Amino acid sequence: MSAPYPWLETAWRRLLATRARPAQALLLAGPHGVGKGALAQAWAQALLCEAPRPDGSACGGCPACHWFETGAHPDFRRVSLQEKTGKEGETRMATAIEVDQAREAVDFVQLSTYRAGFRVVLVDPADSLNVAAANALLKVLEEPPLNTVFVLVSDQPRRLLPTIRSRCTRVDIGLPPLDLAAQWLAGQGVDDAATLLALSGGTPLDAQRWAESGELDERRSVLDALADPQRIDPVTLGERWKAVSPQAWHNLVYKWLGDLLAVRLRGSVQFNRDFSEALLRLGDKADLAKLLALARAQANEGRVLAHPLNRALQLEAWLVRYRHVFD
Ligand SMILES: [Zn+2]
């Protein structure tokens, strides 16, 4: 069986070659949107499969594969961010993996396995483990029980506790070569793969998501407005854009500010090449200190993308601040 995505083939073959004696703590590290999660899933299934193919990959037909694919394999646990109910009854994603989740995983690996093979714990995103959770997990990572495999997935491995990192065999998954990514996107029916890849910073899965989600239209309407700061009406736009997801908003604005800085400092656009003309014009007018402060605030917001109580007001304040960059 081939890798989940063509650019993962080398990493996939290397993992499969270790199937008989897999690393007990594996860290898949690399940028967002390159398929680390899918690779981790495929690896977990390969380990749990009871009739693996000659290359070590999962057969897809045995009972273990069936349980895995339906999320019911008794020797598999996935530790991830959970949905929570907020104060006003709204559903939101937790921002951290909590200690009780880690403890549950620790208890799980102390049990004997249901089937005679491996037991796999997948932690994704591992950089979201809070300190207590990471410490709870550390104890079993130091001496994993027999036939137990931990697979940690992380976009930001530097945020992991150094003690966790040092326990793991690390496999770095880089950005795919642009031509391979563009070819794959075209094969998925995506038009103008090159523009999308530039927008997504070269990550093909983000580019695909953009192409499919209609976020491109949303992006165009947001950037059209940002391109003309003097005409921004913060109240109207705050109200209109409050429905844009905080993650999508952050990605848009962060790259836009990054482009303005790139223009101001180096005279070139990095991400939003289709808005080059506006960016070059605005970059020259921007107050560098104010722009830097706004970009820094945005970078900090990216670390905690919680749902604020009044999104429209928050956007309005941001837009006022953005407008002042060009006063
Ligand atoms: Zn199988």
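Helix α7 crosses helix α9 in a right-handed sense. In this predicted model, the two helices, α7 (residues 178-187) and α9 (residues 204-213), pack at an angle of about 30°, and their axes lie 10 Å apart. The protein chain that holds them has 15 helices and seven strands.

**Packing of α7 against α9**

- Two packed helices are described by the angle between their axes and the distance between the axes.
- On the α7 side, the contact is made by Ala181, Trp184 and Leu185.
- On the α9 side, Pro204, Ala207 and Gln208 make the contact.

**Helix α4: length and two sides**

- Helix α4 covers residues 99-110, which is 12 residues.
- At 1.5 Å a residue, α4 should span 16 Å, and its end C-alpha atoms are 17 Å apart, so the expected span and the model agree.
- Which residues of α4 are buried? They are Gln101, Ala102, Ala105 and Val109.
- These buried residues cover an arc of only 100° around the axis, and therefore lie on the same side of α4.
- Asp100, Asp107 and Gln110 are exposed on the other side of α4.
- The cover over the buried residues of α4 includes three strands and a helix: β2 (76-79), β5 (119-123) and β6 (148-154), together with α5 (131-142).

**Nonpolar cores**

- The largest nonpolar core comprises 61 residues, and Val120 and Val151 have the most contacts inside it.
- Helix α2 (residues 36-48) gives the most to this core, contributing eight residues.
- Which residues does Val151 touch, leaving aside those up to four places away in sequence? Val151 touches Leu26, Leu28, Ala40, Trp43, Ala44, Val120 and Leu122.
- Val120, one of the residues that Val151 touches, is also named with Val151 as having the most contacts inside the largest core.
- A second core, separate from the largest one, has 21 residues; among them are Val263, Val269, Leu279 and Ala286.

**The chain as a whole**

- The protein chain has 327 residues, of which 37% count as buried.
- Along its principal axes, the C-alpha trace of the chain spans about 70 × 45 × 35 Å.
- Of the contacts between residues at least 6 apart in sequence, 69% join residues at least 24 apart.

Methods
Residues are numbered from 1 along each chain as its sequence is written. This is a predicted model: local features need pLDDT of at least 70, side-chain atom pairs count only at pLDDT 80 or more; totals for chains, interfaces and linings use all residues. A nonpolar core is a set of buried Ala, Val, Leu, Ile, Met, Phe, Trp, Tyr and Cys residues joined through C-beta atoms within 7 Å. A residue is buried if 20 or more other C-beta atoms lie within 10 Å of its own, exposed if 12 or fewer, and partly exposed in between; C-beta atoms are placed from the backbone. Helices (H or I, at least four residues) and strands (E, at least two) are DSSP runs, numbered from the N terminus. Two residues are in contact if their C-beta atoms, placed from the backbone, lie within 7 Å. The expected span of a helix is 1.5 Å times one less than its number of residues. The arc is that of the directions from the helix axis to the C-beta atoms. Axes are lines fitted to C-alpha atoms, for helices over the stretch in contact, and angles run from 0 to 180 degrees between N-to-C directions. A crossing is left-handed if the near helix is turned anticlockwise from the far one by less than a right angle, and right-handed if clockwise.
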